[in-house]
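Grab a pencil and open the structure viewer. Below are some short exercises, each followed by a worked solution.

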Amino acid sequence: MKKFNEFESDLIQHALDYYAAHLEAEVEAMQKKTEGTGLRPVIAPGFYNMQVKDLKFKVTELTKKRNNRDGCPYTKIIKK
């Protein structure tokens, strides 16, 4: 499987944050709407944030690692 570059990774992570915030707002609105009726939403508050946290970890794992100049063998030659 092809890995994401950093731009793609950031885009996906920001989209996940936006979507989770939207869904959490819907859950809160549903709770307020059904407050005195004895009904409860199926999804609890915080569920989507928890799922997004797991997805962001997976996206990070599927992202190409940034080139680290300190680990490059030629850095010491260039600095001299």
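**Exercise 1. Work out the order of the elements along the protein chain, and how far you can trust them.**

Step 1: Start at the N terminus and walk along; the elements run α-α-α. The count is three helices and zero strands.

Step 2: Keep in mind that you're looking at a predicted model. Its mean pLDDT is 85, and 82% of the residues reach 70 or more.

Step 3: Now go element by element. Helix α2 (residues 47-61) has the highest mean pLDDT, 95, while helix α3 (residues 75-79) has the lowest, 51. Where pLDDT is low, the predicted coordinates should not be read in detail.

**Exercise 2. Find out how α1 and α2 pack, and decide which word describes their directions.**

Step 1: Get the geometry. The angle between α1 and α2 is about 170 degrees, and their axes are 9 Å apart.

Step 2: Compare that angle with the cut-off: over 145 degrees counts as roughly antiparallel. So α1 is roughly antiparallel to α2.

Step 3: Look at who makes the contact. On the α1 side you'll find, among others, Ser9, Ile12, Leu16, Ala20 and Val27; the α2 side includes Phe47, Tyr48, Val52, Leu55 and Val59.

**Exercise 3. Place Ser9 in the chain, then say whether Ser9 is buried or exposed.**

Step 1: Locate Ser9: this residue belongs to helix α1, which covers residues 6-33.

Step 2: Check the relative accessible area of Ser9, which is 6%. Buried means under 20%, so Ser9 is buried.

Step 3: See what surrounds Ser9. Skip the neighbours within four places in sequence, and the contacts are Phe4, Val59 and Thr63.

Step 4: Put Ser9 in context. Of the 80 residues in the protein chain, 15% count as buried.

**Exercise 4. Do the same for Thr34: where does Thr34 sit, and what does Thr34 touch?**

Step 1: Thr34 lies in the loop between α1 and α2.

Step 2: With a relative accessible area of 12%, Thr34 is buried, because the cut-off for that word is under 20%.

Step 3: Not counting residues up to four places away in sequence, Thr34 touches Leu39 and Pro41.

**Exercise 5. Search the whole structure for aromatic pairs and describe what turns up.**

Step 1: The search gives one aromatic pair. The partners are Phe47 and Tyr48, with ring centres 5.4 Å apart and 75 degrees between the planes.

Step 2: Classify the pair. Planes over 60 degrees apart count as edge-to-face, and that's the label for Phe47 and Tyr48.

Step 3: Check how open the two residues are. Phe47 is partly exposed at 31% relative accessible area, and Tyr48 is partly exposed at 24%.

**Exercise 6. Compare separation in sequence with separation in space for two residue pairs, Met1 with Leu62 and Ala21 with Tyr48.**

Step 1: Take Met1 and Leu62. They're 61 residues apart in sequence, yet their C-alpha atoms are 8.8 Å apart in space. Met1 sits in the segment before α1 and is exposed, with a relative accessible area of 85%.

Step 2: Take Ala21 and Tyr48. Here the numbers are 27 residues in sequence and 8.3 Å, C-alpha to C-alpha. Ala21 is in helix α1 and is partly exposed, at 47%.

Step 3: Zoom out to the protein chain. Among contacts between residues at least 6 apart in sequence, 69% join residues at least 24 apart.

Methods
Residues numbered from 1 in each chain as written. Predicted model: local features only at pLDDT ≥ 70, side-chain atom pairs only at ≥ 80, totals over all residues. Heavy atoms only, no water. Helix = DSSP H or I, 4+ residues; strand = E, 2+ residues; numbered from the N terminus. Buried < 20%, exposed > 50% of the residue type's maximum accessible area, 1.4 Å probe, protein only. Contact = heavy atoms within 4.5 Å. pLDDT = per-residue confidence, 0-100. Phe/Tyr/Trp six-rings, centres within 6.5 Å; stacked < 30°, edge-to-face > 60°. Axes fitted to C-alpha atoms, helices over the stretch in contact; angles between N-to-C directions. Parallel < 35°, antiparallel > 145°, perpendicular 65-115°, else oblique.
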